[in-house]
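Open the model in your viewer and keep the selection panel at hand. The stops below go one selection at a time.

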Amino acid sequence: MEEQRWVYMNGDYVKKEEATVSIFDHGFLYGDGIFEGIRAYEGNVFRLRDHLKRLYESAHSILLEIPYTIEEMEELVLQAVRKNDLKNAYIRLVVSRGKGDLSLNPATCKEPQVIIIVDQVAMFPQRMYDEGVSIMTVPTRRNVPDALNPKIKSLNYLNNILVKLEANQAGVGEALMLNQAGYVAEGSGDNIFIIKKGTLYTPPGYIGALEGITRQAIIDLCDRHGYTVKEEPFTRHDVYVADEVFLTGTAAEVIAVVKVDGRVVGDGKPGPITNHLLEEFRGLVTVDGSQAYPEDTEEPKL
Ligand code: PMP
């Protein structure tokens with residue numbers, strides 16, 4: 001029998017099946033809110049402070065006042081993980097503008113809604129890490145930063161969902177977005193790195209990408225292991241002719257890309273630097289560097 005899961009909602013724990021929000025919540029009506037996707041490994045929440053800093057910066061940017069200090073929020077997240085008695089967990093922290101009226105005016109929302117969901121992690125099959133994935137670039141461009149800055153991790157994910165729809169239609173697991181100028185921005189839910197002649201490149205935040213926590217963990221690992229990383233704009237062509245390409249994200253961790261828009265990357269297999277960084281990343285998040293990744297069942301999707 002599945003264990004009972006508890007959702008933290010504004011001061012109370014509610015059974016997962018009974019956790020509901022009002023239809024007048026502006027997060028539901030307008031995507032007015034922010035969120036984080038966080039992961040716990042073996043009872044340790046990975047880079048929780050960094051996730052919370054990004055959450056509080058997103059909140060600050062959209063003038064949403066979170067009713068807890070960052071220290072209090074940290075404690076609430078840890079408490080929610082303990083309450084659910086999960087050592088390996090996916091944590092979804094959502095702060096919406098709260099209940100208002102049907103006008104889009106946020107001033108009608110008197111109290112933000114803070115929700116912490118803790119559940120099992122949907123892990124990708126080991127085969128994806130061993131063999132890498134094929135991706136494509138899609139026609140939908142990344143939101144322009146002066147309209148809705150992709151650095152804000154807002155509940156308005158329609159831009160990303162459009163990309164996912166295009167990827168689904170084409171039968172690929174993940175897709176890349178370009179920005180208005182045609183530079184590579186990011187995937188629908190992950191950041192991208194390319195490697196050329198031993199140097200790593202990842203698009204800078206101003207290109208129009210979320211500054212991923214995993215992306216930063218990889219940059220830190222590169223510093224430690226003597227790889228040069230440059231935060232520089234690059235084009236699709238640079239991706240096609242890279243020696244190695246990989247994606248990073250809380251869910252994906254580090255996943256090699258072996259084909260982009262039908263072009264084989266490198267020799268069509270996860271490359272040595274990608275594999276090294278994946279191994280180091282696993283070493284960061286787990287004690288012995290290993291986790292039980294599921295056997296392959298069906299065509300995996302990112
Ligand atoms: N870009 C987007 C659009 C995302 O949704 C995510 C997932 N949060 C990422 C990048 C990767 O960020 P992180 O490493 O913090 O999960």
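**Stop 1: the two domains**

This is a predicted model. Colour the protein chain in two parts: domain 1 covers 6-119 and domain 2 covers 126-285. Their C-alpha centres lie 26 Å apart. Now show the residues where the domains touch. Domain 1 puts 20 residues into the contact, and domain 2 puts in 11 residues.

Stay on the domain 1 side. Which elements each supply at least two residues here? Select strand 3 (33-41) and helix 2 (48-61). Strand 3 has the largest share, 8 residues. Next, colour this side of domain 1 by class. You should find 6 nonpolar, 8 polar and 6 charged residues.

**Stop 2: helix 3, in domain 1**

Select residues 70-83, which form helix 3. Check its length before its packing. The helix has 14 residues, and at 1.5 Å a residue they should span 20 Å. The end C-alpha atoms are 20 Å apart, so the span agrees with the expectation.

Now show the buried residues of helix 3: Met73, Val77, Ala80 and Val81. Turn the view until you look down the helix axis. These buried residues fall within an arc of 100 degrees, so they line one face of the helix. The general rule for such a pattern is that an α-helix has 3.6 residues a turn, so residues three or four places apart point the same way.

Look at the face turned away from the buried side. Glu71, Glu72, Glu75 and Arg82 are there, and they are exposed.

What covers the buried residues of helix 3? The cover includes strand 1 (6-9), strand 3, strand 4 (44-45), helix 2, strand 5 (89-96) and strand 6 (113-119). Strand 3 and helix 2 were on your screen at the first stop too: each supplies at least two residues of the side of domain 1 that touches domain 2.

**Stop 3: aspartate 85**

Step past the end of helix 3. Aspartate 85 sits in the loop between helix 3 and strand 5. Check its backbone: phi is near 50 degrees, a positive value in a residue other than glycine. Is aspartate 85 buried or exposed? It has 12 C-beta neighbours inside 10 Å, so it counts as exposed.

**Stop 4: the ligand shell**

Move to the ligand and select its surroundings. The shell has 14 residues, and the closest are Leu210, Gly212, Ile213, Thr214 and Thr250. Helix 6 (213-225) and strand 13 (244-249) each supply at least two residues. Helix 6 gives the most, with 3 residues. Colour the shell by class: 2 residues are nonpolar, 9 are polar and 3 are charged.

**Stop 5: tyrosine 206**

Select tyrosine 206, in the loop between strand 11 (199-202) and helix 6. Tyrosine 206 has 13 C-beta neighbours inside 10 Å and therefore counts as partly exposed. Draw a distance from its C-alpha to that of histidine 51. The two residues are 155 residues apart in sequence and 19 Å apart in space.

**Stop 6: aspartate 261**

Go on to the loop between strand 14 (253-260) and strand 15 (263-264), where aspartate 261 is found. Aspartate 261 is not a glycine, yet its phi is positive, about 50 degrees. With 14 C-beta neighbours inside 10 Å, aspartate 261 counts as partly exposed.

**Stop 7: helix 8**

Select residues 272-285 for helix 8. This helix has 14 residues and reaches 20 Å from its first C-alpha to its last. That is close to the 20 Å expected at 1.5 Å a residue.

Show Ile273, Thr274 and Leu277, the buried residues of helix 8. Look down the axis again. The buried residues fall within an arc of 95 degrees, so they line one face of the helix. Which elements do they pack against? Strand 10 (191-196), helix 6, strand 13 and strand 14 are the partners. Helix 6 and strand 13 also each supply at least two residues of the shell around the ligand.

End on proline 272, which lies in helix 8. Proline 272 has 12 C-beta neighbours inside 10 Å, so it counts as exposed. Draw one last distance, to asparagine 105. The C-alpha atoms of proline 272 and asparagine 105 are separated by 52 Å, with their positions 167 residues apart along the chain.

Key: Residues numbered from 1 in each chain as written. Predicted model: local features only at pLDDT ≥ 70, side-chain atom pairs only at ≥ 80, totals over all residues. Domains from an automatic or database assignment. Contact = placed C-beta atoms within 7 Å. Helix = DSSP H or I, 4+ residues; strand = E, 2+ residues; numbered from the N terminus. Nonpolar A, V, L, I, M, F, W, Y, C, P; charged D, E, K, R; others polar. Near = placed C-beta within 6 Å. Expected span 1.5 Å × (residues − 1). Buried ≥ 20, exposed ≤ 12 C-beta atoms within 10 Å, placed from the backbone. Arc of directions from axis to C-beta.
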